[in-house]
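Welcome, and please have your viewer ready with the selection tool at hand. We will make a few stops, each with something to pick and something to look at.

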Amino acid sequence: MALLGGCERVSLIAWENQPSGIRANLSNLSFVDEQNGWVVGEKGTILRTKDGGRTWVQQKSGTQSNLFSVNFIDAMTGWAVGEDMTLVETADGGLTWNARNKTFKGFIHEPGPNTLLSVDFVDKRHGFMVGTFGEALATDDGALNWNPLALGSNFYHTSIQFLDTQKGWVTSMRGDILYTEDGGRTWTAQVHLIRSLNGIHFVDSEYGWAVGNEGNILHTTDGGKQWLKQQFPKKTDLFGVFFTDRQEGWAVGMGGTLLHTTDGGETWRPEKSGTTQDLWAIQFVDKSHGWIVGQGGVVLHSRKNKT
């Protein structure tokens, strides 16, 4: 099923620029409420806001490696990952960031540098990571130790989301969606699309979406037993997706692409982002407070449309 969007309707949400104060590429973000959030990116960049993005303060990450993913579970506790298997963590809201040992227990990979592309914690003890290697990594002791989880695929794994300590999904550059319901001990291939899938988001154990290259949007209503296409007409690469409930969601991508749906993806409408920079990640904390980050230090924030 390829359902195409084009319906003209004024959105209740508009997007405005929030100056980040830097020009480094920003790859990912994590907000815990409408005030407190973090952004990570190029050359170890970590930015922190306490006022919903009106002002940003740069934090010392302790690394010059490019960071690709960040995840906070509360206003104090978070992790960021990136190039050369970089993993840094904080327990004080980012006032201090500490590097974790890059030697992961039982980790097997090809010679040469590897990159962690996505990290997801479900609580202070249980977390998961994937990247440019054929395994996932899992911790059950708050990142003190990490154990490999065989995914059965040697392709780059681009994103990971766990709903709890047992149920999770992984996407890959080969277009795979892999699913586990036992904490990563075993994985089932749900999709093989060939084209890269770059982001995934589930709002509950049944409803989820994945986005990827050439405008591909996939949707499931049964936890991934069946995935259906919701392809946008333009062949634009999409990098991030986020839904606030089973009906309303957003996707971001190349050249300032911003898509919006209010019917679960039956129709996707282009919205004005106000930028031509690539947009790489999006997150909402409720139906009206959302942020987008991207190329060249771009940070966008949602507001109620005045029209």
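Start by selecting Ser-159, which sits in strand β14 (strands are DSSP runs of E with at least two residues, and helices are runs of H or I with at least four, numbered from the N terminus). A word on the model before going further: it is predicted, so local features need pLDDT of at least 70 and side-chain atom pairs count only at pLDDT 80 or more, while totals for chains, interfaces and linings use all residues. Residues are numbered from 1 along each chain as its sequence is written, and side-chain values use heavy atoms, with hydrogens and water left out.

Is Ser-159 buried or exposed? Ser-159 is buried, at a relative accessible area of 9% (buried is under 20%, exposed over 50% and partly exposed in between, using a 1.4 Å probe and protein chains only). Now add Thr-171 to the selection: its side chain and that of Ser-159 are joined by a polar contact of 2.5 Å. Such a contact is a pair of N or O atoms within 3.5 Å; within protein, one must be able to donate a hydrogen and the other to accept it, and residues adjacent in sequence count only if both atoms are side-chain atoms. Beyond four places in sequence, the contacts of Ser-159 include Ser-118, Trp-169 and Asn-198 (contact means heavy atoms within 4.5 Å).

Next, the largest pocket. Select Asn-28, Ser-69, Ser-118, Ser-159 and Ala-281, the residues nearest its centre among the 47 that line it. Elements giving two or more residues to this lining include β2 (26-31), β14 (157-162) and β26 (279-284), and β6 gives the most, with 6 residues. Here a pocket is an open set of points on a 1 Å grid over the protein atoms alone, where a 1.4 Å probe fits, with protein on both sides within 12 Å along at least five of seven lines; lining residues have an atom within 4 Å of a point.

For the last stop, select residues 249-253, strand β23, where 5 of 5 residues are buried. One side carries Gly-249, Ala-251 and Gly-253, the other Trp-250 and Val-252. β23 pairs with β22 in the antiparallel sense over 5 bridges (pairing needs at least two DSSP bridges between the strands), and Phe-243 stands opposite Gly-249. Then show strand β24 (residues 258-261), which runs antiparallel to β23 with 4 bridges; there, His-260 is the bridge partner of Trp-250. Finish at Gly-255, in the hairpin of β23 and β24, with its positive phi near 65°.
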